[in-house]
Amino acid sequence: MYYQAINLNEKLSKFNDQWSPKVIGQINDHQFKLVKIAGEYEWHVHEETDKVFMTIEGEMIIDFRDGQVKISKGEMFIVPRGVEMKPSAEKECHIMLVEPRSVVNTGRDN
């Protein structure tokens with residue numbers, strides 16, 4: 001067996017497109033995805049699953065209909081299933097998502 005750590009910065013350096021998650025690993029039925037974001041995403045909800053956001057570089061905000069959370073470098077936040085959200089970042093932000101393999105990301109729609 002070949003053992004090698006996954007270098008997040010190296011993986012992030014291989015793409016520039018935003019709002020387009022790249023799968024870098026999988027554990028059971030969950031995937032680890034890296035994504036670069038800037039600007040705003042659309043309001044949306046994941047009815048069937050929670051979603052984990054971990055900020056690697058920069059700062060992002062997730063708006064909710066009744067408030068918001070700021071997630072800075074080195075922080076993470078879990079959005080519970082069924083909660084409507086609108087992620088955004090004023091400047092480019094690098095994040096890791098953890099979500100079930102079945103979640104399909106459609107990219108930035110606005």
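**Loops and cores in a predicted model**

Reader: Which loop holds Asn28?

Author: This is a predicted model. Asn28 is not part of strand 1 or strand 2. Its place is the loop between strand 1 and strand 2.

Reader: What is the phi of Asn28, and is the residue buried or exposed?

Author: Asn28 is not a glycine, yet its phi is positive, at about 55°. Exposed means over 50% relative accessible area. Asn28 has 69%, so the residue is exposed.

Reader: Where is Trp19, and is it buried or exposed?

Author: Trp19 also has a positive phi, near 60°, and is not a glycine. The residue sits in the loop between helix 1 (8–12) and strand 1 (22–27). Buried means under 20% relative accessible area. At 7%, Trp19 is therefore buried.

Reader: Which strand gives the largest share of the largest nonpolar core?

Author: That core has 16 residues. Strand 2 (30–40), strand 4 (59–64), strand 5 (67–72) and strand 7 (85–100) each supply at least two of them. Five residues, the largest share, come from strand 7.

Reader: Which residues have the most contacts inside the largest core?

Author: Take Phe53, one of them. Beyond four places away in sequence, Phe53 touches residues including Ile71, Val79, Met85 and Leu97. Its list also holds Met60, Ile62 and Ile95. The full set with the most contacts inside the core is Ile37, Phe53, Met60, Ile62 and Ile95.

Reader: How many residues are in the other core?

Author: This core lies apart from the largest one. Leu12, Leu34, Ile56 and Met96 are among its members. The count is six residues.

Key. Residues are numbered from 1 along each chain as its sequence is written. This is a predicted model: local features need pLDDT of at least 70, side-chain atom pairs count only at pLDDT 80 or more; totals for chains, interfaces and linings use all residues. Side-chain values use heavy atoms; hydrogens and water are left out. A nonpolar core is a set of buried Ala, Val, Leu, Ile, Met, Phe, Trp, Tyr and Cys residues joined through side-chain atoms within 4.5 Å. Buried means under 20% relative accessible area, exposed over 50%, partly exposed in between (1.4 Å probe, protein chains only). Helices (H or I, at least four residues) and strands (E, at least two) are DSSP runs, numbered from the N terminus. Contact means heavy atoms within 4.5 Å.
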